[in-house]
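This report looks at charged side-chain pairs and at a few unusual backbone positions, with attention to where they sit and how exposed they are. Please keep the structure in view while reading.

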Amino acid sequence: MVHPIQIALPIPYPVGPVNSYLFLEPEPTLVDCGIKTDACWEALVSKLAEYKLTIADIQRVIITHAHVDHMGLAGKICAHSPAQIWVADIIEDWALDLPRKWQGRLRFMATVLQELGLPTAQRERLLAGMARTPALWDSVPAARVVTFPIDGVIDIGGLPWQVIYTPGHSNTQTCFYQPESRLFLAADMLLQITPTPVIEEPLDGSDERIPGLPQFLDSLALVEALEIDWVFPGHGEPFQDHRALIERQSVRIAQRTEQCYELIQAGHHTFIALLDAMYGAKPNADRFSAMGMLVGYLDLLLGDGLIKSRNEQGVLHYRPTP
């Protein structure tokens, strides 16, 4: 089959432009769509024009996961086209009622950050930044939303693609695999830099955080077993040899987890002490990605029984298991 057309869309985040992928046949279809900014919209309009298309020609937008850079423009695209927005059934509420879902994410994040002992000023700054996200992200009219199961098959570009549920970076993330052509639409599952396991509320609405990095490693193992010729990532250029990337990232995660363990053994017992030791003391920086990775390393150590955690005066402390 013809490879999907990569459309790199500008976003204001360190990870760099987000990729939307255009399929021309049998109907103009986008996989992911960027954030609701003028720059992102103009880049999408410009790239579509190269193929003699406008936004009004888009018939479907298929979303990989409920992060602003992947589905923020979906509502605006609906307002300027007849497009249906296809989402996994686990993120239907994110498409239909973003304000309510985002308030839930903010409440959950506030609780986690307080328990990790993040200083008040840094915690408030990070949450204030998150609170601005809905300005870059519109809900979608219910009549335009089509759901698919996380273990199903959907048609993209005239061929059946397997839906592969890959939690870890996001607990809502799905990827799409076409076994005959061995193409893989990877979302943020496979990137040249290790995707951050974003701290998110559980899908069932409970208060107990699900360990993201252990989930990510399980998802890596699942994807490693697939026969893939080309990977089309959510950020960066398409690439081959997915197993080499998985091996490199798995080794790096193991090394950093061991470093975290050694620091705990040396007396760094709080999250902030570990964060400063592993990433440098930057009291005025939000360090969102660093925090997500460190939480992941601690989850791995806790899961392996190498450390234990205890809440001391409202803040978690970590110590080696005797």
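## Salt bridges and backbone features

Arg 310 is exposed, its relative accessible area being 55%, and in this predicted model the side chain of Arg 310 forms a salt bridge with Glu 312, where the closest N and O atoms are 3.0 Å apart. Glu 312 itself is partly exposed, with a relative accessible area of 21%. Elsewhere, salt bridges that share partners join Arg 182, Glu 227, Asp 229 and Arg 243 into one network. The count of salt bridges comes to 14.

Side chains of opposite charge can pair when their charged atoms come close. The table sets out three such pairs with the separation of their closest N and O atoms.

| Acidic residue | Basic residue | Closest N and O atoms |
|---|---|---|
| Glu 200 | Arg 105 | 3.3 Å |
| Asp 276 | Arg 287 | 3.1 Å |
| Glu 312 | Arg 310 | 3.0 Å |

Glu 200 forms a salt bridge with Arg 105, the closest N and O atoms lying 3.3 Å apart. This pair links distant parts of the chain, since Glu 200 is in the loop between β10 (183-187) and α7 (212-224) while Arg 105 belongs to helix α5 (residues 98-115), and the two are 95 residues apart. Glu 200 has a relative accessible area of 4% and therefore counts as buried, the limit being under 20%. Arg 105, with a relative accessible area of 6%, is buried by the same limit.

Asp 276 forms a salt bridge with Arg 287, with 3.1 Å between the closest N and O atoms. Here too the pair links distant parts of the chain, with Asp 276 in helix α9 (residues 271-279) and Arg 287 in the loop between α9 and α10 (288-303), 11 residues apart. Asp 276 is partly exposed at 27% relative accessibility, whereas Arg 287 counts as buried at 12%.

Turning to the backbone, a cis peptide bond with an omega of about -5 degrees joins Glu 25 and Pro 26, and Pro 26 is found in the loop between β2 (18-23) and β3 (29-31).

Asp 241, a residue other than glycine, has a positive phi near 60 degrees, and its place is in the loop between β11 (230-233) and α8 (242-265). Gln 313 is not a glycine either, yet has a positive phi of about 55 degrees. Gln 313 is placed in the loop between β12 (307-312) and β13 (315-320), and at 85% relative accessibility Gln 313 counts as exposed.

Note on methods. Residues numbered from 1 in each chain as written. Predicted model: local features only at pLDDT ≥ 70, side-chain atom pairs only at ≥ 80, totals over all residues. Heavy atoms only, no water. Salt bridge = Lys/Arg side-chain N within 4 Å of Asp/Glu carboxyl O. Helix = DSSP H or I, 4+ residues; strand = E, 2+ residues; numbered from the N terminus. Buried < 20%, exposed > 50% of the residue type's maximum accessible area, 1.4 Å probe, protein only.
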